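User: Please take a close look at the salt bridges in this model. I would like the pairs, their places in the chain and their exposure.

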Amino acid sequence: MIHGWIKSFWRLEDEFKPDEVCIFFDKGGSPRREELLPQYKSNRGPPPNGFLQQLEWIKKIISSMGYFWHEDSGFEADDLIASAVRLKAELTEEILIVSADKDLAQLVRPGVKLLVPPPTANSKLGWKILDEDGVREKFGVPPSRVLDYLCIIGDQSDNIPGLYGVGPKTAAKWLMEYGDIERLIENAGRLTPRRFCSVVYEKKAMLVLNRELIKLEDNLEFEIIPRQKVDLPKLDQILLELEMINSLKEAERRYA
């Protein structure tokens, strides 16, 4: 994991030449969401053996590379990213969010794009940048409707149930026709296919709950420290201790 992490960030540095890099971690789940839905993310097993130990090494490497990183007990990385976008939006020309999490498509707007890595099963597809048009192409709705879209189809990875039998195309069609969840519920009797009229009405409480679960919290306050100088001796020491000799040579080439 450490090897893949470093290679990915060096690739991002080379391709996009960012002025700042900010990294956010989950820490302790989301008590607010777990209170709303006790089974929230309960379908996830424990992390792979060695994952947590590698994560601590990654944090040391991040610090030595001068990147800013942050975690906050009780808040998920997505909420921290949403808050960072709010904090940085007026101070920077372009923000690029790097994540495979579709929830973050909610944040795309002028000046904010989403860089999505390729699927694990098909790495040849390459990384893809989603701007507002890219989000529309991928989900069938604009970024402002991604939240409602996910409320309808649910999120299997987070154990959030959607409307049974309603797929992405139907969800997108409804939202493009009616606008949002509230108007969708109001017009439940007019929906097509007709078999979903009663389903939407009967599950309206679930749709409202899903919105609370999927909505990102962008009101968190923290200081984003500007990019620091690379501490090459420290980085070399870490890579040597991990016996990552090729990465150590690459670090010397980049930062010496």
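Analyst: What follows goes through the salt bridges pair by pair, then turns to one buried leucine.

This is a predicted model, in which local features need pLDDT of at least 70, side-chain atom pairs count only at pLDDT 80 or more, and totals for chains, interfaces and linings use all residues. Residues are numbered from 1 along each chain as its sequence is written, and side-chain values use heavy atoms, with hydrogens and water left out.

Side chains of opposite charge can pair when their charged atoms come close. Here a salt bridge is a side-chain nitrogen of Lys or Arg within 4 Å of a carboxyl oxygen of Asp or Glu. Across the whole structure, the search finds 25 salt bridges.

Take Asp14 and Arg254. Their side chains meet in a salt bridge at 2.6 Å, N to O. Asp14 lies in helix α1 (residues 2-16) and Arg254 in helix α12 (residues 245-255), so the pair ties together parts that are 240 residues apart in sequence. Helices are DSSP runs of H or I with at least four residues, strands are runs of E with at least two, and both are numbered from the N terminus. Asp14 is partly exposed, at 40% relative accessible area. Arg254 is also partly exposed, at 22%. The classes are buried under 20% relative accessible area, exposed over 50%, and partly exposed in between (1.4 Å probe, protein chains only).

Next comes Glu217 with Arg32. The closest N and O atoms of this salt bridge are 2.9 Å apart. Glu217 sits in the loop between α10 (204-214) and α11 (232-241), Arg32 in helix α2 (residues 31-36), and 185 residues separate them. Glu217 counts as buried at 16% relative accessibility. Arg32 is partly exposed at 28%.

Lys59 and Glu71 form another salt bridge, with the closest N and O atoms 2.9 Å apart. Lys59 belongs to helix α3 (residues 51-64) and Glu71 to the loop between β2 (68-70) and α4 (77-88), so parts 12 residues apart in sequence are tied together. Lys59 is buried at 8% relative accessibility. Glu71 is partly exposed at 22%.

Shared partners also matter for the layout. Salt bridges join Glu13, Asp14, Arg227, Glu250, Arg253 and Arg254 into one network.

Finally, the leucine. Leu239 is in helix α11. Its relative accessible area is 0%, so Leu239 is buried. Leaving aside residues up to four places away in sequence, Leu239 touches Ile6, Met244, Ser247, Leu248 and Ala251. Contact means heavy atoms within 4.5 Å.
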